[in-house]
Amino acid sequence: ADYMYFLASGSLDYSFGNEGDPDGEMWSGSSEGSGPVDDEEDDEDAEAEDAGSILTERIETGTWFCEPALWTPWEHLGDMLSLTECHLIGLSKDVLQSAAQTNRSVWFIFRRYAQQYVSILNQVKPSELTDLSERAVPSAKVLQHSKV
């Protein structure tokens, strides 16, 4: 993974706890959405997913995800399904690093933040890792420990 994403508008469901998409793709679904979550077909799917320990979390506008991709090698741990038309903003780790390197002070701050982020991330139990890292690695905690 090379991007952190911001959900600028729309609604997504993030499913995790399984082996992930066999094709290695993060995104699934269509811009049409997936229909109501409580359809009878979805109930059957949910029962099958429960047996495999798959968890689903609703992602709403203003949420960011996949932040670890900016600071460390990262592989997606789940799948996103659009529920509505969505607008995503992707932040490339390469573009971010190139921009930060143009200013020594900014580069120092980013580097310190990245070191603390990875340090905190490494303390998270593997079973608690998801692409929704803000819960496991809160940015406020990273900033507090970064002293930036």
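**Cores, salt bridges and strand pairing in the predicted model**

The largest nonpolar core comprises 15 residues, and those with the most contacts inside it are Leu70, Trp71, Tyr113, Tyr117, Leu121, Val137 and Val142. At least two residues of this core come from each of two helices, H2 (68–71) and H4 (104–121), and H4 gives the most, with 6 residues. Apart from this core lies another, of 10 residues, which includes Tyr5, Leu12, Tyr14 and Phe16. The coordinates are those of a predicted model, and every value reported here is to be read in that light. As general background, nonpolar side chains in soluble globular proteins tend to be buried together.

Two residues of the cores can be placed in further detail. Leucine 70, when its neighbours within four places in sequence are left aside, is in contact with Met4, Leu91, Ser92, Lys93, Leu96 and Gln97. Leucine 12, found in strand S2, has a relative accessible area of 3% and is therefore buried, the limit for that class being under 20%. The C-alpha atoms of leucine 12 and cysteine 86 are 7.9 Å apart in space, although the two residues are separated by 74 residues in sequence. Aromatic residues were also examined: a search of the whole structure finds 6 aromatic pairs, and ring pairs link Trp71, Phe110, Tyr113 and Tyr117 into a cluster. Of the members of that cluster, Trp71, Tyr113 and Tyr117 are also listed among the core residues with the most contacts inside the largest nonpolar core.

The protein chain contains 5 helices and 7 strands, and from the N terminus on its elements follow the order β-β-β-α-β-β-α-β-β-α-α-α. An open sheet of 3 strands has the order S5-S1-S7, and the pairing within this sheet is antiparallel. Strand S5 (64–65) and strand S7 (87–92) stand at the edges, and because each has a single partner strand, one side of each is left without a neighbour in the sheet. Between S1 and S7 the antiparallel pairing extends over 6 bridges, and tyrosine 3 has serine 92, in S7, as its bridge partner. Serine 92 also appears among the contacts of leucine 70.

The structure holds 3 salt bridges. In one of them, lysine 93 is joined to aspartate 2, with the closest N and O atoms 3.4 Å apart. This pair links distant parts of the chain, since lysine 93 belongs to helix H3 (residues 93–100) whereas aspartate 2 lies in the segment before strand S1 (3–9), 91 residues apart. Lysine 93 counts as partly exposed, with a relative accessibility of 22%, and aspartate 2 is likewise partly exposed, with a relative accessible area of 39%. Lysine 93 is, in addition, one of the residues in contact with leucine 70.

Another salt bridge is formed by aspartate 13 and arginine 58, for which the closest N and O atoms are 2.6 Å apart. Here too the pair links distant parts of the chain, with aspartate 13 in strand S2 (residues 11–16) and arginine 58 in strand S4 (residues 55–60), 45 residues apart. Aspartate 13 has a relative accessibility of 8% and so counts as buried, whereas arginine 58, at 39%, counts as partly exposed.

Strand S4 also takes part in the remaining salt bridge, in which the side chains of glutamate 57 and arginine 135 meet at 2.4 Å, N to O. Glutamate 57 is located in strand S4, while arginine 135 is located in the loop between H4 and helix H5 (139–146), and the two are 78 residues apart, so that distant parts of the chain are again linked. With a relative accessible area of 22%, glutamate 57 is partly exposed, whereas arginine 135 counts as exposed at 59% relative accessibility.

Over the protein chain as a whole, buried residues make up 31% of the 148 residues, and the accessible surface comes to about 9200 Å², of which 50% belongs to carbon and sulfur atoms. Among contacts with a separation of 6 or more, 85% are accounted for by residues 24 or more positions apart.

Technical notes
Residues numbered from 1 in each chain as written. Predicted model: local features only at pLDDT ≥ 70, side-chain atom pairs only at ≥ 80, totals over all residues. Heavy atoms only, no water. Core = buried A, V, L, I, M, F, W, Y, C linked by side-chain atoms within 4.5 Å. Buried < 20%, exposed > 50% of the residue type's maximum accessible area, 1.4 Å probe, protein only. Helix = DSSP H or I, 4+ residues; strand = E, 2+ residues; numbered from the N terminus. Contact = heavy atoms within 4.5 Å. Salt bridge = Lys/Arg side-chain N within 4 Å of Asp/Glu carboxyl O. Pairing = 2+ DSSP bridges. Phe/Tyr/Trp six-rings, centres within 6.5 Å; stacked < 30°, edge-to-face > 60°. Areas by Shrake-Rupley, 256 points an atom, 1.4 Å probe, with all protein chains shown as cover.
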